[in-house]
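Student: I would like to take a close look at a single part of this structure, and to have it explained slowly and in one connected answer.

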Amino acid sequence: MIAGEGRLRAASAVVASVGIAIATYIAIVESGGGAPACLAGGSGCVTVAASPYAHILGINVAVLGIAGYALLLGAALWRGDVGRFGGLFLAVVGYGFSMYLTYLELFTIEAICQWCVASAVVMTVLLLLNLARAVLHAGTVPRGAASGLRA
Amino acid sequence: MSTRAAEKERLRNHRLKREESEQERQRWVLLSWGGVAVLAVCVIALLIALSLSSSQGGDGDIDGAGEVAADLEGIQQQGTVLGSQDADVTVVEFGDLQCPVCRDYSGSVIAPLIAGPVSAGEARLEFRNWVILGPESGDAAAAAYAAAEQDRYWNFVELYYRNQGLEHSGYVTDEFLRSVAEGAGVPNLDRWEKDRANGRWDAVIAKTDRQAKLHGFSGTPSFLVIGPHGSEALGTPHSAAHVEAAIARAG
């Protein structure tokens, strides 16, 4: 059964909102000089938050995450090919950067932050949803659109 | 006859238009896929390059110099001591500049102490470099002590913590330390460079190590409170309130 675009968009919006919540939690905690609480009581989150990779040009990576997830939410709400390919572009970038950060955690920082893993999982799901939306519906006229190929 | 021909021509034109429209759609979709792929690879590469560049440290991009200066403004600094020389109680922190827990304590314990009893003239703070995380911590300690020679020790220590990198990651470079010294407002950087290269800090660091062990401390940060009513080795306190209670007992 081909997934309806409406369902894919709704699922993307929900998952992007979860991503915003996770990234906002990390950003708020780290802005106070702390680190997210690791659920099993480990110190991975403290180590990752203290690492030199936690900031890019002085901006906390979690803040970039909030911006990325917010744009993905916008793309999910945006109908037509602009939303489809915009969402796919953002999801590919987010997924690629998440994989880079996960690599750093495993092999450079040698500590795992559960919240970062959760964010990487969220980004992977968003990539799959946006990929499905683009593959199945690119070039089609959204249901309810009056006219126009790329409405 | 001519009507049928015209109708055929109309249908043909319609079909051609539809085919053209379909081809345009396919071109657009193909272009979009290609655009997304190329642009995404470029943006990912840019983000990774920026991340690697930002992680090097010592690039002069030191954060929080103004905030540290504002926090310490108007408080007397002499050598490694912050606060009034007339204060009855001295709070000594044994810390390692590479230690992430010490960095957290800089915000959660030291900052309230500075804003509270130190600003009120009830206590003074002393930070002793207990080097437990290897030679890079020794380099950082020597740089801090050299800043103390120009009464910018606490600016250096607090600014260092705000820009601390991952221990043993190689971020404690000469460039990073100089950036912290600049941000800390060390007036004469040439003198600071000479002072930090001075081998006498090794003896100070060794002495601090002996003192920490003498007090039974097992890790950084550890606190010692000294006052007219005795001294108390707190170890690693739970909060600033814990230290403030010890100040009240010692004073």
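Student: In the open sheet of chain B, what is the order of the strands, and what kind of pairing do they have? Please also describe what surrounds this sheet.

Tutor: Please keep in mind from the start that this is a predicted model. The open sheet in chain B has six strands, and their order is E1-E2-E4-E3-E5-E6, with mixed pairing. At its edges are strand E1, residues 77-78, and strand E6, residues 230-235, each of which pairs on one side only. As general background, strands of a sheet pair through backbone hydrogen bonds, and they may do so in a parallel or an antiparallel way.

Let us look at one pairing in detail. Strand E3 of chain B, residues 89-95, and strand E5 of chain B, residues 222-227, pair in the antiparallel sense, and five bridges join them. In one of these strands, E5(B), we find B:Leu224, which is the bridge partner of B:Val92. Against the sheet packs helix H5 of chain B, residues 153-162, which touches E1, strand E2 (81-82), E3 and strand E4 (123-129), and the direction of this helix makes about 65° with that of E4(B).

Strand E5 of chain B also holds B:Ile226, a residue that repays a closer look. With a relative accessible area of 33%, B:Ile226 is partly exposed, because buried would require a value under 20% and exposed a value over 50%. If we leave aside its neighbours within four places in sequence, B:Ile226 is in contact with B:Asp88, B:Val89, B:Thr90, B:Val92, B:Ser231 and B:Ala250. For B:Ala250, which is 24 residues away from B:Ile226 along the chain, the C-alpha atoms of the two residues are separated by 6.4 Å.

From the sheet we can turn to the nonpolar residues. In soluble globular proteins, nonpolar side chains tend to be buried together. Here the largest nonpolar core has 56 residues, and those with the most contacts inside it are B:Leu97, B:Leu125, B:Phe156, B:Tyr160, B:Leu177, B:Trp192 and B:Val225. The element that gives the most to this core is helix H4 of chain B, residues 135-148, with nine residues. If we again leave aside neighbours within four places in sequence, the residues in contact with B:Leu125 include B:Val81, B:Leu82, B:Val91, B:Ile110 and B:Trp154. There is also a second, separate core of 25 residues, which includes A:Cys38, A:Val93, A:Ala134 and B:Ala40.

The aromatic rings complete the picture. B:Trp154 appears again here, as it forms one aromatic cluster with B:Phe127, B:Tyr145, B:Tyr153, B:Tyr161 and B:Trp201. Over all chains, a search of the whole structure finds 16 aromatic pairs. One of them is formed by A:Tyr25 and A:Trp115, which are tilted, with 4.6 Å centre to centre and 50° between the planes. Because A:Tyr25 lies in helix H1 of chain A and A:Trp115 in helix H5 of chain A, this pair ties together parts that are 90 residues apart in sequence. A:Tyr25, at 29% relative accessibility, counts as partly exposed, and A:Trp115, at 22%, counts as partly exposed as well.

Conventions
Residues are numbered from 1 along each chain as its sequence is written. Chains are lettered from A and ligands numbered from 1 in the order in which they are written. This is a predicted model: local features need pLDDT of at least 70, side-chain atom pairs count only at pLDDT 80 or more; totals for chains, interfaces and linings use all residues. Side-chain values use heavy atoms; hydrogens and water are left out. A nonpolar core is a set of buried Ala, Val, Leu, Ile, Met, Phe, Trp, Tyr and Cys residues joined through side-chain atoms within 4.5 Å. Buried means under 20% relative accessible area, exposed over 50%, partly exposed in between (1.4 Å probe, protein chains only). Helices (H or I, at least four residues) and strands (E, at least two) are DSSP runs, numbered from the N terminus. Contact means heavy atoms within 4.5 Å. Two strands pair if DSSP finds at least two bridges between them. Axes are lines fitted to C-alpha atoms, for helices over the stretch in contact, and angles run from 0 to 180 degrees between N-to-C directions. Rings of Phe, Tyr and Trp (its six-membered ring) pair if their centres lie within 6.5 Å; planes under 30 degrees apart count as stacked, over 60 as edge-to-face and the rest as tilted.
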